[in-house]
Amino acid sequence: MNVMLGIDIGTTSTKGLLCRTNGQIVAQFNHSYPLQQTVAGTAEENPQAILMAVTSGLQAILRTVHQQQLTLAGLSFSSANQSLIALDNLHRPLTNLLTWVDTRAAPAAAKLKKSDFADELYQRTGTPLHPMSLLAKLIWLKASQPKIFKQATYFCGIKEYILWKLFGKWQMDISIASGTGLFNWQQQNWDPEILAIAGIQESQLPPIVDSYTTFSKMRPDLAAKLNWPQATPIVQGAFDGALANLGVNALDSKTAALSIGTSAAIRLLSKQPALDPQGRLFCYAVSQQQWVIGGPVNNGGIVLRWALEKLFTNEKIIWEKAGADSYEQLLQIIQTIPAGANGLLFFPFLNGERAPLWDADIRASFIGLTQTHSRAEMARAAVEGIIFNLRSVWEIFSNHTFSQPKQLVLSGGFAKSPFLRQLIADIFNCPVQVPAQIEASCLGAILLGMDALGLTDNLAQSAAALSGTVTTYQPNPAAAKSYNELFTIYQRLQDHLGHETTALTAWQRKFN
Ligand code: ADP
């Protein structure tokens, strides 16, 4: 029996999914590693720990393949994008992996944003100016660690490092390249002028290949150790966000993928690249033939976690001692509060914000607070605020000709809760679909791999089979009407507040 393996190298863990081509899961793994956030703004990982997570996952999967006498039809890779490692002339790491979460390049990004060529950079690359881009990270590295920067022969992200270590392949897929801020999407190459701003040469970056590129053969010593079948084709794959759209079967311009995990994003696939005149959406490649346009949001489920930890600290301890899911317990309390939290609004920018505002220094606020508002109402406002902010991103999509989004497919931790699924349908005033399998990026890697290897005639049919039974939540007309009213107020207040809280952020910095 043919099986396909998808591996997703994520920010806090590497996940693997071994599936039959009809969607049946045969085996899976989830190996985590620590995100090192010791100094403010730092978010690093040890590349060796990630390599270990991938190889031990592969080893476990191969045991199943051999025990059950399966035929591994292919392996395809997904990974988080916008990560950076400096390497020496033998491709040995000189730094930890700087993940997309790392914000130390914020001043470099802010400087670029204020420069005369800010708009030109977005137009050429489709990457909004933000500390996560490799352009900003390289400028930061050069200024803060000049010795290492000078010593570095190569620079790459985590997927390129892993592919080099496992297969000896030194290449970056167009999908990961397109999120670096260094890739010119029109000329489909590393942009020489932008590389000069970053202070590096083209020869320091991996050559760019299509996401559908296939190759084979693991490094012989490792292949022998893992018992890896050397004839197995390997597919380069793409970045996790692009693949998540494939994995939840959001394949056309009418169906947007909404993922709400720790962070959140709305993404739409498109046959053509498309830019937002105000630079609020990214436009990255999935492959040479397909693009993904998206609004990434910092303040997703992490805001619900904040409400749980800070507003319900004691209850959380009690719930967890009793073995209950503390998120479910809190959501039960939140459900008892009427829609609109009795007129309390929360602007959820606890962690600065990417889309729609692209301001790393913006901060959160409650507005409309009265003497009678309780912790439960504050928690409800926090959850509604996460979704109002995402609706603001959705409105940007709705105003563009490249997209006519009519429905959303939801994935991520938020999708576990039927209450939240309905709340999203009500606030967006739009049907929300939830597939049975929410390990979207792994599934997307499998689907892209099947397409690349000719294992599917119909990608949509395969995506439907792999993502499983879909449950649809229709908006409740009365709730949708009242949320529409509140959203108008939310937007007016947001327009008024603008970026005013950034002065307060500068003041906060004096204390930490
Ligand atoms: P990651 O992005 O790290 O993969 P997940 O997709 O697992 O994260 O989502 C984590 C978030 O999901 C949490 O921060 C929380 O807000 C939310 N969450 C966790 N458990 C539940 C639950 N039972 N119901 C609803 N939301 C949940």
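**Close-up views of a ligand site and a cavity**

By class, six nonpolar, six polar and three charged residues make up the shell around the ligand. The legends below refer to a predicted model.

**View 1. The shell around the ligand.** The ligand is surrounded by 15 residues. Gly261, Thr262, Gly301, Asp325 and Gly413 are the closest of these. Two helices, H11 (301–311) and H13 (326–335), each contribute at least two residues to the shell.

**View 2. Side chains beside the N and O atoms of the ligand.** Three side chains are shown here, those of Thr262, Asp325 and Lys416. In the side chain of Thr262, an N or O atom lies 2.9 Å from an oxygen atom of the ligand. For Asp325, a side-chain N or O atom is 3.1 Å from a nitrogen atom of the ligand. The side chain of Lys416 has an N or O atom 3.5 Å from a nitrogen atom of the ligand. The ligand taken alone exposes 580 Å², and the protein buries 75% of that area.

**View 3. The largest cavity.** Three cavities of 30 Å³ or more are found in the structure. The largest cavity holds about 70 Å³ of space. It is lined by 13 residues, and those closest to its centre are Gly10, Thr11, Ala80, Leu97 and Ile158.

**View 4. The lining of the largest cavity by class.** Seven residues of this lining are nonpolar, five are polar and one is charged. Among the lining residues, Ala80, Leu97 and Ile158 belong to the group closest to the centre of the cavity.

Definitions and conventions. Residues numbered from 1 in each chain as written. Predicted model: local features only at pLDDT ≥ 70, side-chain atom pairs only at ≥ 80, totals over all residues. Heavy atoms only, no water. Near = heavy atom within 4 Å. Polar contact = N/O pair within 3.5 Å; in protein donor to acceptor, adjacent residues only side chain to side chain. Areas by Shrake-Rupley, 256 points an atom, 1.4 Å probe, with all protein chains shown as cover. Helix = DSSP H or I, 4+ residues; strand = E, 2+ residues; numbered from the N terminus. Nonpolar A, V, L, I, M, F, W, Y, C, P; charged D, E, K, R; others polar. 1 Å grid on protein atoms, 1.4 Å probe; cavity = no way out; pocket = protein on both sides within 12 Å on 5 of 7 lines; lining within 4 Å. Points joined across faces, edges and corners; volume = space filled by probe spheres on them.
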